[in-house]
Amino acid sequence: MWEFTSPKSIVFGEGALEYLKEIEGKKALIVTDKVIRRLGFAEKAASYLRNAGLNLEIFDEVEAEPSKETVIKCAEHARLFEPDWIVGLGGGSCIDAAKASWVLYERPDVRIDEISPLLNLGLRKKARFVAIPTTSGTGSEATWAIVITDVRDRRKIELASKELVADIVILDPQLPMTMPKRLVADTGVDALVNALEAYLSQWRNCFSDVLAINAVQAVFKYLPRSYSNSQDWEAKENMHYAATMAGLAFSNSQICMAHAMGHALGALFKIPHGRSVAAVLTFALEYMAKEAMERLRALTEAVGIEAETDEEALKKFIQALKRLLRDVDEPTSIKELGISWENLQSELDNLVERALGSTGTVASPRVPTAEDYRKLFVYAFEGKAIDF
Amino acid sequence: MKKFKFPSEEWIKAFKEELNKNEAYAEAAKDWEGDFLFIVTPDEGLDKEMVFYVDLWHGKCRDVYMVLNREAKTAEFVYEGPYSNWKKLIMGQLDPIQSLLMRKFKLKGNMAKIMRYTKAASELVKTASKVPTEFI
């Protein structure tokens, strides 16, 4: 028995943001960051909500890779304002911070790191949740997961609860049109890794498969276009939807070890999520291939690569991935992240410990041991093909 | 090969022996400190609740034994499910984490602590499927 959980409603298409005019309620708290506010998106969303008769407050202090402290501050803001809608507006960081603040607002007795699928949170007694992504990658708008950074412990905390799935997701392709080129690539690669790992996960299912394959195909087709041409509306629109499809897919299957390694790297070396998973992706796939060849073969075919044998398929798929990553100026090894060999060595034990403790490890088709992770980080640093 | 009747004192002793041979568990749980009650609630031929105490410390299982009932011993974590689901778990027909998410088993205790040891938790439960088991 398994369960597919998704947002109640996904509103999409040009002008979808105007759907906020239909919201019924009294008060809305928009959780966002200063860039989104400067771009005018927060005010635009606020004006639609005011149009619907709601009182508004905007919390714009979310930072990249949000910390526990920011979430607690935002929740305190919510407790004073008492909104009946929480609106997460921005990239994955804003939406994750909004979700976590929502929990703390509704359940002041719960600590952030206690949020788990096994805890009955009883959300929606005070507020409901709208997620509006302005980037095309994390898929957070569609998932029941949250990633928060424990700054003191230099660790990403992976939290989940099915109650966290948004009531309404708004996908307005106008919003990501202003993304800087670097962000287009970083978030687009995030969507790719989400979709690939959703398809490879031990917990994959027929529903997540369809979404994952569609998202992988879309990223291969549209990410290079979206990256190279800021005015390519078709590419940007399709990337925006692909990111949500990938989010739905992995939310209902699981992430795997590229995420486990990427989260460990990101937290210890302060690297944006998309770049840290990009740097380890091909090594993680080569490692998992031993137990997931049939799946990798299907992915290879899905992106139009022909191969006679499994070995050829894997080789060509890895080559295609590296080409795609290079086309969008993403790293294909840890060294390319600018991390020195000495720094990697000094953090190796911590990297292994954090990767082993990640939820991405348990659902991988091939579950690494500590020794395997140690070798994987070294191979991924050197850019060496996996031979174990 | 000798089979151990589940649930019984001899089964939980065999589980301890198997867990202490599991290198993947030892590595993943090397910093773990905490004990469990494994509770098997009655259904499908089991007419009485059975309770195991399992003491885990730094990647090793230090002690195991059956206790009279759930009130007879306290532990940091309680892992509880009906006999029929334990049977499926031991036979490898249920994924340990998925079965928790689908409420086939309940886990009580500090979730923040256990979520940092997901691989150890997974290995712990997988070890149960390595014990040659005879069901009632």
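## A helix and its cover

Which strands and helices of chain B cover the buried residues of H1(B)? In this predicted model, the cover includes three helices and strands from the early part of the list, namely strand S1 (4-6), helix H2 (23-28) and strand S3 (50-57) of chain B. Strand S4 (60-67), helix H6 (118-128) and strand S7 (133-135) of chain B are also included.

As for what lies beneath, helix H1 of chain B runs over residues 9-19. Its buried residues are Trp11(B), Ile12(B), Ala14(B), Phe15(B), Lys16(B) and Leu19(B). It helps to recall that an α-helix has 3.6 residues a turn, so residues three or four places apart point the same way.

## Two domains in chain A

Now to the other chain. Chain A splits into domain 1, residues 9-177, and domain 2, residues 179-382. Their C-alpha centres are 25 Å apart, and the contact draws on 26 residues of domain 1 of chain A and 28 residues of domain 2 of chain A.

On the domain 1 side, strand S1 (9-12), strand S6 (145-150), strand S7 (155-160) and strand S8 (168-171) of chain A each give two or more residues. S7(A) supplies the largest share, three residues. By class, this side of domain 1 of chain A has eleven nonpolar, nine polar and six charged residues.

## Where the chains meet

Finally, let's look between the chains. Here 18 residues of chain A are in contact with 17 residues of chain B. On the chain A side, helix H12 (residues 359-362) gives the most, with three residues. That side of chain A is made up of nine nonpolar, five polar and four charged residues.

How values were computed. Residues numbered from 1 in each chain as written. Chains lettered and ligands numbered in written order. Predicted model: local features only at pLDDT ≥ 70, side-chain atom pairs only at ≥ 80, totals over all residues. Domains from an automatic or database assignment. Contact = placed C-beta atoms within 7 Å. Helix = DSSP H or I, 4+ residues; strand = E, 2+ residues; numbered from the N terminus. Nonpolar A, V, L, I, M, F, W, Y, C, P; charged D, E, K, R; others polar. Buried ≥ 20, exposed ≤ 12 C-beta atoms within 10 Å, placed from the backbone.
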